[in-house]
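Please walk through the structure shown below, moving from a pair of bridged strands to the sheet that holds them, and from there to the surface and the core.

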Amino acid sequence: MAGGTDGAAVLPARLAADIVRALDPGAVYVEVHETEARIASGRSHFSVRLLPTEDFPRVADTPADEVTLDAAALVDALRQVVPAASHDDARPILTGVLMAAEGDGLRLVATDSYRLAVRDLPGASVLREGQSVLVPSRALGELARLLGGADKGAQGRCRCAWGSATPPSRWGPSPAGSPTGAAPAIPGRWGPWPPDSPPA
């Protein structure tokens, strides 16, 4: 991958992905003009209207105190915990996965108030002692999909860090050598952990 000049552009993700997926194998060229991007490969040419770059959420810089986790272990934990999170947007707290510092590691907890999933990652000190954060389960599910597809296991290490940005606070994991991903934390309190019973 190479770029002719520096710059930034925002394309509709789903449309751009559908276009690239439909192209024949080979080099793909993207040219950005004032209001549109032109995607070309072989005899195929497409024009996509750009979205305003100023409307794109700012991704926080990764804090210096990041840690490195085994990608396979993280994916395995996410695949166990994420499905237990609620999909009811009327209860946003339960749509997240609680990530809490526990002992010498990280504990992942999710519930939809009917089922509860818990997974510990020993030695993964992403958060400070006593600290916890709610991360959207959909973002973590996408992270698990990117790190390891259904037909191949996750390999290597990934860097994780918790930082603050305005707006909002962000938790950013990224596979080593790849662009950093970030997800906005869900505001609010999941409830005391360990709970006497799952939150209602």
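Which residue in S3 is the bridge partner of Ser41? In this predicted model, the partner of Ser41 is Ser44, which lies in S3. A second bridge can be followed beside this one, since Ala40 has His45 of S3 as its bridge partner. In total, six bridges join strand S2, which covers residues 36-41, to S3, and the two strands run antiparallel. Two residues lie between the strands in the hairpin of S2 and S3, and in this hairpin Gly42 takes a positive phi near 60°.

The hairpin belongs to an open sheet of three strands, in which the order is S1-S2-S3 and the pairing is antiparallel. Strand S3, residues 44-49, and S1 stand at the edges of this sheet, and because each has a single partner strand, one side of each is left without a neighbour in the sheet. When direction is ignored, neighbouring strands of the sheet are turned by 20° against each other on average. As a general point, the strands of a sheet pair through backbone hydrogen bonds, either parallel or antiparallel.

From the sheet, the path leads to the surface by way of Val30, a residue of strand S1, which spans residues 29-32. Val30 has a relative accessible area of 49%, and it therefore counts as partly exposed, given that a residue is called exposed over 50% and buried under 20%. Together with Val20, Val28 and Val32, Val30 forms a nonpolar patch on the surface, and the four residues have about 300 Å² of accessible area together.

The interior can be approached through the largest nonpolar core, which has 24 residues, and in which Leu74, Leu78, Val97, Met99, Leu108 and Leu140 touch the most other members. At least two residues of this core are supplied by each of helix H2 (71-81), strand S5 (96-102), strand S6 (105-111), strand S7 (116-122), strand S8 (132-136) and helix H3 (137-147). The element that gives the most to this core is H2, with five residues.

Seen as a whole, the protein has three helices and 11 strands, and along the sequence these follow the pattern α-β-β-β-β-α-β-β-β-β-α-β-β-β. Of the 200 residues in the protein, 36% are buried.

Conventions
Residues numbered from 1 in each chain as written. Predicted model: local features only at pLDDT ≥ 70, side-chain atom pairs only at ≥ 80, totals over all residues. Heavy atoms only, no water. Patch = residues over 30% accessible without salt bridge, like charges linked within 9 Å, V, L, I, M, F, W, Y side chains within 5 Å. Areas by Shrake-Rupley, 256 points an atom, 1.4 Å probe, with all protein chains shown as cover. Salt bridge = Lys/Arg side-chain N within 4 Å of Asp/Glu carboxyl O. Helix = DSSP H or I, 4+ residues; strand = E, 2+ residues; numbered from the N terminus. Buried < 20%, exposed > 50% of the residue type's maximum accessible area, 1.4 Å probe, protein only. Pairing = 2+ DSSP bridges. Axes fitted to C-alpha atoms, helices over the stretch in contact; angles between N-to-C directions. Core = buried A, V, L, I, M, F, W, Y, C linked by side-chain atoms within 4.5 Å.
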